[in-house]
Every structure is written in C-alpha cells, then in structure tokens.
Amino acid sequence: MTLETISANRAFGGVQGVYKHASTSTGTDMTFGVYVPPHAEGATLPVVWYLSGLTCTHANVTEKGEFRRACAELGLIFVAPDTSPRGEGVPDDPAGAYDFGLGAGFYVDATEAPFAHHYRMWSYITEELPALIAVEFPADMDRQSIMGHSMGGHGALTIGLTFPDRYRSVSAFAPIVAPGQVPWGHKALGGYLGEDRTAWRRHDAVALIEDGARVKDLLVDQGDADGFLAEQLKPNLLAVACTDARIPLTLRLQPGYDHSYYFISTFMEDHLRWHAERLGQLPRPL
C-alpha cells in the first residue's frame with residue numbers, strides 16, 4: 001500500500017502530516033491527517049481517532065481543532081480521516097444538498113445504488129485505515145480511543161459501541177445520537193441502506209444500546225445554542241438509553257455554545273485528557 005505525503009509540518013515538537021493513498025474500500029484516493037507527537041525512538045503511542053461531521057474533510061479539525069499541544073503533552077497520535085469518498089465518478093446528492101453524498105458518508109457501508117460501490121466508510125474507518133496506521137506510524141493499536149463531531153459523533157458512538165474491546169474510550173461533540181429518529185438520519189440511512197429500518201439499527205447509537213451494545217462510559221459535550229439541537233441531535237434520547245442500560249454518561253450542556261469549531265476547540269483538551277486517562281497516558285512536560 002503506497003502512502004503519499006501531501007505535507008508535513010513541525011508542531012509542538014511533533015509532526016502534523018497530511019497523507020493520501022488509494023483505498024480498496026472506496027475505490028478512490030483518500031486523504032487523511034495524522035499528528036504524531038514527540039516520542040523516543042522505537043516507542044509506540046496510543047491512537048485517538050477523530051471523525052468529522054457533515055461537509056468536512058480532514059482539514060477542518062486539522063486547521064481549527066486546536067488539539068496538537070494537548071496531544072504533544074499527553075503522547076497521543078491523532079488521526080483525522082475524510083468523511084466520504086471523493087473523485088471522478090463518485091455519486092453525489094442529486095440536488096447537491098450538503099447532508100448526503102460528498103462530505104456526508106455517515107460512516108456506513110452503502111448497499112443502495114449508485115452509492116454501494118464507493119460509499120464504504122465503515123469498512124474504511126474500521127478496517128483499512130487502521131491497518132495502514134499500524135504499518136506506517138508508531139501506533140500502539142492495543143490502545144485506541146475514538147471521538148467525533150455531529151455526523152462524526154454518530155460515527156464514533158456507533159463504531160465504539162460495535163467494537164467495545166477495541167476502543168478504550170468513546171466521546172463526542174454534538175453527536176447525532178439517534179439517526180433513525182431525525183431528518184438527517186432518515187435521508188442518509190434510507191439513501192445508503194434502503195428503507196428496511198432494521199438495517200439502520202446497527203448505525204444508530206440509541207438503537208445499538210437498546211439492542212444490548214455496551215461501553216464502560218461515554219463523554220458528550222453539547223452546546224445549548226446549537227441550531228441543530230432540537231431537531232437533529234436530541235442528546236436526551238442518548239441520556240435515556242444510557243440510564244436504562246446503566247452506562248455512565250457524562251453529558252455536558254454547554255451554555256452559549258453553537259455547533260462550530262469554536263465550540264469544539266474549547267472542549268477538545270478536556271476530551272483528549274479524558275481519553276488519555278483511559279489510555280494510561282500521563283501528562284509530560286513539553
């Protein structure tokens with residue numbers, strides 16, 4: 001598997017890289033970002049996955065997420081994949097809407113035409129990209145955590161709940177917790193997976209918990225000034241599901257914060273420290 005380096009920049013003693021490779025999952029070139037903090041030669045480091053939201057690429061969090069100082073201090077590799085396949089021949093939303101198609105893969109393997117050939121983000125995130133990270137970077141794949149924002153929060157929750165032995169911790173910013181119950185999810189899951197709603201449940205965090213999926217605990221931050229809160233995000237549904245399943249959930253409703261990266265960057269360090277604690281990483285002087 002050939003990995004092309006698009007850019008590599010020194011930051012807080014480590015390296016922020018952007019890379020491209022030909023994906024067998026999506027049948028396209030895929031671009032992703034990786035921050036590797038300073039470390040001793042031969043050392044391996046735990047990995048935190050960050051899944052982005054609608055319309056985003058790797059670049060949104062890489063440029064706006066303000067994660068590198070904390071990752072350098074905590075010794076965390078930070079991986080930021082893209083949100084969908086891209087390129088010639090990749091189908092998009094017929095009307096050009098932002099919430100389906102390019103930039104909106106919803107972290108599923110599509111089964112419906114014309115999306116099934118390229119839109120295989122579940123396999124890409126859970127199988128292909130981890131295998132590449134394990135080979136190309138000083139990653140301790142026995143210590144992984146996952147987090148995400150909005151659509152990426154949905155991805156982080158569903159992947160974390162599906163593979164609880166792989167990820168030591170799971171967190172999210174303003175996640176879509178129950179796509180089977182909101183317009184974004186109806187459009188995406190219906191378009192990618194078809195109208196049989198039983199197939200949607202494995203890509204719905206609330207449904208997964210109702211069906212028996214468990215993790216040790218969850219951290220979720222949500223802005224109370226988020227314009228998508230009432231119609232699309234509905235964190236109260238996750239709170240009820242976690243209470244019923246006895247999953248410890250730290251749900252923090254942050255006053256005055258919206259859905260943007262101003263919100264995410266404010267609480268990014270909190271999440272990284274929460275993950276580092278569960279990954280067994282202690283802070284170190286920069």
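A crossing of two helices counts as left-handed if the near helix is turned anticlockwise from the far one by less than a right angle, and as right-handed if clockwise. In this predicted model, local features need pLDDT of at least 70 and side-chain atom pairs count only at pLDDT 80 or more, while totals for chains, interfaces and linings use all residues. Residues are numbered from 1 along each chain as its sequence is written, and side-chain values use heavy atoms, with hydrogens and water left out.

On that footing, α3 passes α4 in a right-handed crossing. Helix α3 (residues 121-136) packs against helix α4 (residues 151-162) at about 55°, and their axes lie 12 Å apart. That angle makes α3 oblique to α4 (oblique being whatever is left after under 35 degrees for roughly parallel, over 145 for roughly antiparallel and 65 to 115 for roughly perpendicular). Where the two meet, α3 brings Trp-122, Ile-125 and Thr-126, and α4 brings Thr-158, Ile-159 and Thr-162. Sorted by class, this contact has 3 nonpolar, 3 polar and no charged residues.

Then there is the core. The largest nonpolar core (buried residues, under 20% relative accessible area with a 1.4 Å probe, joined through side-chain atoms within 4.5 Å) runs to 88 residues, and Phe-78, Tyr-192, Met-268 and Leu-272 have the most contacts inside it. Helix α9 (residues 261-279) supplies the largest share of this core, 8 residues. Neighbours within four places in sequence aside, Met-268 is in contact (heavy atoms within 4.5 Å) with residues including Tyr-50, Val-61, Phe-78, Met-147 and Phe-173.

Conventions:
Axes fitted to C-alpha atoms, helices over the stretch in contact; angles between N-to-C directions. Helix = DSSP H or I, 4+ residues; strand = E, 2+ residues; numbered from the N terminus. Nonpolar A, V, L, I, M, F, W, Y, C, P; charged D, E, K, R; others polar. Buried < 20%, exposed > 50% of the residue type's maximum accessible area, 1.4 Å probe, protein only.
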